[in-house]
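Reader: I'd love a close look at one part of this model, with enough of its surroundings to see how that part sits in the whole. Could you walk me through it?

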Amino acid sequence: MAPRFPRIGHAKRMLRQASCSSDVPKGHFAVYVGETQKTRYVVPISFLKNSSFQSLLSQAEEEFGFNHPASGLTIPCSEEVFIRLTC
């Protein structure tokens, strides 16, 4: 059975913006999203099972490799695309 994702309104509350690594609760991880200015989001680990999110991770690996300058994973897409894909 495919995972069900909440609607956009709920997704914005679920994709919490966080200011530092101590804001990442257990079962979540930080990602940086944006084309020019990166915004930090805290997302549930369950997103790793989503095929669309896995595609974003593959793009991130191709573009940045595994050596990320920030304390979280950098996703190479706009915030709008990220929110749409994670809903």
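Which residue follows α2, and what is the sign of its phi?

Author: Happy to. Please keep in mind that this is a predicted model. The residue after α2 is Gly65, and its phi is positive, near 70°.

Let's go back to the other end of the helix. There Asn50 caps the N-terminal end of α2, with a side-chain oxygen 2.7 Å from the backbone nitrogen of Ser52. Between the two ends, α2 has 14 residues, which at 1.5 Å a residue should span 20 Å; the end C-alpha atoms are indeed 20 Å apart, so expectation and model agree.

Now for the sides of the helix. Phe53, Leu56 and Ala60 are the buried residues to look at in α2. Because they cover an arc of only 55° around the axis, they lie on the same side of α2. Ser51 and Glu62, on the other side of α2, are exposed. The cover over the buried residues of α2 includes β2, β4 and α3.

That brings us to the core. The largest nonpolar core has 12 residues, among them Phe53 and Leu56 along with Val33, Cys77 and Phe82. Four elements, β2 (28-33), β3 (39-44), α2 (51-64) and α3 (79-86), each supply at least two residues of this core. The largest share, three residues, comes from β2. Cys77 is a good place to see how these pieces meet: leaving aside residues up to four places away in sequence, Cys77 touches Val33, Gly34, Glu35, Leu56 and Phe82.

One residue of strand β3 also deserves a look, namely Arg40. Buried here means under 20% relative accessible area, so Arg40, at 7% relative accessibility, counts as buried. The side chain of Arg40 makes a polar contact of 3.2 Å with the side chain of Tyr32.

Finally, let's step back to the whole chain. The secondary structure comprises three helices and four strands, and along the sequence these run α-β-β-β-α-β-α. The chain has 87 residues, and 34% of them count as buried. Among contacts between residues at least 6 apart in sequence, 52% join residues at least 24 apart. The chain exposes about 5,700 Å², with carbon and sulfur atoms supplying 51% of that area.

Terms used:
Residues are numbered from 1 along each chain as its sequence is written. This is a predicted model: local features need pLDDT of at least 70, side-chain atom pairs count only at pLDDT 80 or more; totals for chains, interfaces and linings use all residues. Side-chain values use heavy atoms; hydrogens and water are left out. A nonpolar core is a set of buried Ala, Val, Leu, Ile, Met, Phe, Trp, Tyr and Cys residues joined through side-chain atoms within 4.5 Å. Buried means under 20% relative accessible area, exposed over 50%, partly exposed in between (1.4 Å probe, protein chains only). Contact means heavy atoms within 4.5 Å. The expected span of a helix is 1.5 Å times one less than its number of residues. The arc is that of the directions from the helix axis to the C-beta atoms. A polar contact is a pair of N or O atoms within 3.5 Å; within protein, one must be able to donate a hydrogen and the other to accept it, and residues adjacent in sequence count only if both atoms are side-chain atoms. Accessible areas come from the Shrake-Rupley method with a 1.4 Å probe; for residues, only the protein chains shown count as cover.
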